[in-house]
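Colleague: I work at the bench and seldom read models. Could you walk me through this one, feature by feature?

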Amino acid sequence: MAPTLVWYHIGNTARQTIFIILISVVLGAAVNFMRPNGIPFVQTWSMADKLVTEEGDTLAIALEDAADLFADNAAIFLDARTPAEYETGHIQGAVNLPWHEVDNYFETVIMTLDPEAMIITYCDGEACSLSHDLALFLKDLGFTRVKVLVNGWTLWKEHDLPVSTPSS
């Protein structure tokens, strides 16, 4: 086969591949556009922006507001991380209610919670969803004053707010 004929076939195959990909993208976008719950093309990826209830209320609480509630002893802090992580350090006075073991801990912890109290859940890391899942769980159970301190443990330590550690 002559080299020019080989390049002709390669070029033709590349054009056909690009055409198939373009048609697929256009069809996929059209189907997504027509679906009532299509995937948004542009979206914010911050965890705080995702913490909105179906009613439009935000679950996120700012560090300053959480610190004020802490200082006024006006909130209960729930640590959604594992017991091992909790033992290495937590917000002073926080109660451990690990989301992954919530069935094992919930009865013990629920007895200490005032249904009217402000509850602030937290975990560690911008992408951590444990506190969000725990907050939604509590709201489903009827707790109305529940907030999430996104990246709570890291932010709390970075701002030198009161913590409990094994050495303290």
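Modeller: Happily; we will go from the whole chain to single residues and then to a pocket. Please keep in mind that this is a predicted model.

Colleague: Let us begin with the fold. How many helices and strands does the chain have?

Modeller: There are 7 helices and 6 strands. Following the sequence, their order is α-α-α-β-α-β-β-α-β-α-β-α-β.

Colleague: Is the chain a compact globule or more spread out?

Modeller: A useful approach is to set the radius of gyration against a rule for globules of the given length. Here the radius is 25 Å, well over the 15 Å that the rule gives for 168 residues, so the chain is more spread out than a compact globule. Its C-alpha atoms fill a box of roughly 80 × 40 × 30 Å along the principal axes.

Colleague: What share of the residues is buried?

Modeller: Buried residues make up 31% of the 168. As for the surface, the chain exposes about 10800 Å², and carbon and sulfur atoms supply 61% of that area.

Colleague: Show me one residue in detail. Where is Ser-131, and why is Ser-131 called buried?

Modeller: Ser-131 belongs to helix 6, which covers residues 130–140. Buried means under 20% relative accessible area, and Ser-131 has 2%, so Ser-131 counts as buried. Leaving aside residues up to four places away in sequence, Ser-131 touches Ala-80, Thr-121, Tyr-122, Cys-123 and Val-148.

Colleague: What should I look for in the backbone angles?

Modeller: Look at the sign of phi. Most residues other than glycine have a negative phi. Asn-151 is not a glycine, yet its phi is positive, about 60 degrees. Asp-160 also has a positive phi, about 50 degrees, without being a glycine.

Colleague: Where do Asn-151 and Asp-160 sit?

Modeller: Asn-151 is in the loop between strand 5 (146–149) and helix 7 (152–158). Asp-160 is in the loop between helix 7 and strand 6 (163–164).

Colleague: Buried or exposed: which is Asn-151, and which is Asp-160?

Modeller: Asn-151 counts as buried, at 11% relative accessibility. Asp-160, with a relative accessible area of 71%, is exposed.

Colleague: And the pocket? Which residues line the largest pocket?

Modeller: With a pocket, read the volume and then the lining. The largest pocket holds about 170 Å³ of space. Its lining consists of Val-52, Thr-53, Glu-54, Glu-55, His-132, Leu-136, Lys-139 and Asp-140. By class, that gives 2 nonpolar, 2 polar and 4 charged residues.

Methods
Residues numbered from 1 in each chain as written. Predicted model: local features only at pLDDT ≥ 70, side-chain atom pairs only at ≥ 80, totals over all residues. Heavy atoms only, no water. 1 Å grid on protein atoms, 1.4 Å probe; cavity = no way out; pocket = protein on both sides within 12 Å on 5 of 7 lines; lining within 4 Å. Points joined across faces, edges and corners; volume = space filled by probe spheres on them. Nonpolar A, V, L, I, M, F, W, Y, C, P; charged D, E, K, R; others polar. Helix = DSSP H or I, 4+ residues; strand = E, 2+ residues; numbered from the N terminus. Rg over C-alpha atoms; globule rule 2.2 N^0.38 Å. Buried < 20%, exposed > 50% of the residue type's maximum accessible area, 1.4 Å probe, protein only. Areas by Shrake-Rupley, 256 points an atom, 1.4 Å probe, with all protein chains shown as cover. Contact = heavy atoms within 4.5 Å.
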